[in-house]
Amino acid sequence: MSRAPVSVDHFRAAMLLSGAGDALGYRNQLWEYNESGPAIHQELQELGGLKSIRAELPDWPVSDDTVLHLATAEGLATGKVGEEMLHEVAGRYVEGMKDMEGRKPGPSSILGVSQLRPGEEGGYRVPYNPEGTGCGAAMRSMCIGLRYPKPDQLLSLVAVAVETGRMTHPHPTGFLGAVAAALFTAYAAQRRPITTWGLGLINEACPIARNFVQGREYAVEETERDWDYFCDKWQWYLDLRGISTGVGPVVWPEAYGPAERDEAYKSFSLKGWAGRSGHDAPMIAYDALLGAGADWEELMNRAAFHGGDSDSTAVIACCCWGVLYGTKGVPEGNYAKLEYRDRLEKSGEQLYALSH
């Protein structure tokens, strides 16, 4: 893991590379849910490999993931707090939904945003949705970890991740994904040993999230009923990788190429759609970070080029990787002319200034 102290360059890289990972994993709708990691890797070689890809319009737009991640980041970058901040973010989600041509937002995101009433009392809340288990809250929440990156800010990180996550994904499998994505980004900024991240999620963040939900008197009964799946599946994953105590070495299958990863990622999933849910999008991202170390190409092979929701797993993994390593070793073409590059970098700078 990088030992360089976290700097504004790391925050800028986190936002920029999250967008790059999104665009590369999405490939203008061609690679998201491709169903075959090996087929994507074959196409990638035909394109000349990752180093040859210039991620720019019109062929490599960002997806809904980056549009809504920017909405969260730019809302937080205003410096507003409490309910004022929640209305601000809700308003930006409503605006972001107007920028979805060709970006494939998910059904829970579409439904949730359509129900938001920013500026009205309680207008950042939506009715409980038992189907709101998707990754739409996770994929846009990494920047919360950039706003609250310090260990003593964990309560704030969890509260903001839960409340902004519930704007579209009020089911705990959905909004706890937002907690995971935000938490892992903060852990990256803290230079916390990566083998401890999953344990911190289960033992530190999830209990805080549960207490927070119980204290807010909104959909408490439904949330309690549906709570256990997320934590149980994460415990299963940590046991599988041999890091349930937070200590390595990580246990990997003997063979773990594109075909084997497709099968593994399906086993992480809720209904066989790898990375589609709030628990397994950050799980695949974490799996990729554990396996790739400082190697950008290996990270992309694991996080972006697989048969599931490849842009959503990449957007999370690449944000954390940017906090750890900056843009070192990343082919310039992967990000130099990325759509919304200026906004991504500026929001990273603003979040660094607010959090430091």
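This is a guided tour of selections to make in the structure, which is a predicted model.

**The annotated binding site**

Begin by selecting Ser 63, Asp 64, Asp 65, Asp 309, Asp 311 and Ser 312, the positions at which an unreviewed UniProt entry places the feature "binding site". Although these residues are spread over 250 residues of sequence, they cluster in space, and the largest C-alpha distance among them is 12.3 Å.

Now narrow the selection to Ser 63, which lies in the loop between helix H2 (37–46) and helix H3 (64–76). Ser 63 has a relative accessibility of 0% and therefore counts as buried. Leaving aside residues up to four places away in sequence, show its neighbours: Ser 63 touches Asp 22, Tyr 26, Arg 103 and Asp 311, the last of which is also one of the annotated positions.

Move on to Asp 64, which is placed in helix H3 and whose side chain is joined to that of Ser 63 by a polar contact of 3.5 Å. Asp 64 is likewise buried, with a relative accessible area of 3%. Its contacts, again without residues up to four places away in sequence, are Met 100, Arg 103, Lys 104, Pro 105, Gly 106 and Met 139; Arg 103 also appears among the residues touched by Ser 63.

**Lys 104 and another positive phi**

From the contacts of Asp 64, select Lys 104, which is found in the loop between helix H4 (82–96) and H5. Lys 104 is partly exposed, its relative accessible area being 36%, and its backbone deserves a look, with a phi near 60°, a positive value in a residue other than glycine. Most residues other than glycine have a negative phi, and most peptide bonds are trans.

For a second case, go to Ala 219, in the loop between helix H9 (197–216) and helix H10 (220–225). Phi of Ala 219 is near 55°, again positive in a residue other than glycine, but here the residue is buried, with a relative accessible area of 16%.

**Two cis peptide bonds**

Next, display the backbone from Leu 57 to Pro 58, where the peptide bond is cis with omega at about 5°; Pro 58 is in the loop between H2 and H3, the loop that also holds Ser 63. Then select Gly 248 and Pro 249, joined by a cis peptide bond with omega near 0°, with Pro 249 in the loop between H11 and H12.

**Helix H12**

Continue to helix H12 (residues 258–268), in which Arg 261, Asp 262, Ala 264, Tyr 265 and Phe 268 are buried. An α-helix has 3.6 residues a turn, so residues three or four places apart point the same way. To see what covers the buried residues of H12, add a selection that includes H2, helix H11 (228–240), helix H13 (280–292) and helix H14 (296–303).

**The end of helix H5**

For the last stop, select Ser 114, in helix H5, which is partly exposed with a relative accessible area of 43%. Then take Leu 116, in the loop between helix H5 (107–115) and helix H6 (142–147). Is Leu 116 buried or exposed? Leu 116 is buried, because its relative accessible area of 4% falls under 20%. Not counting residues up to four places away in sequence, Leu 116 touches Ala 90, Tyr 93, Val 94, Gly 123, Tyr 124, Arg 125, Val 126 and Met 167. Finally, set a C-alpha to C-alpha distance between Leu 116 and Ser 141, which are 25 residues apart in sequence and 18 Å apart in space.

Notes:
Residues are numbered from 1 along each chain as its sequence is written. This is a predicted model: local features need pLDDT of at least 70, side-chain atom pairs count only at pLDDT 80 or more; totals for chains, interfaces and linings use all residues. Side-chain values use heavy atoms; hydrogens and water are left out. Helices (H or I, at least four residues) and strands (E, at least two) are DSSP runs, numbered from the N terminus. Buried means under 20% relative accessible area, exposed over 50%, partly exposed in between (1.4 Å probe, protein chains only). Contact means heavy atoms within 4.5 Å. UniProt positions are given in the numbering used here, feature names are shortened, and annotations may be inferred rather than shown by experiment. A polar contact is a pair of N or O atoms within 3.5 Å; within protein, one must be able to donate a hydrogen and the other to accept it, and residues adjacent in sequence count only if both atoms are side-chain atoms.
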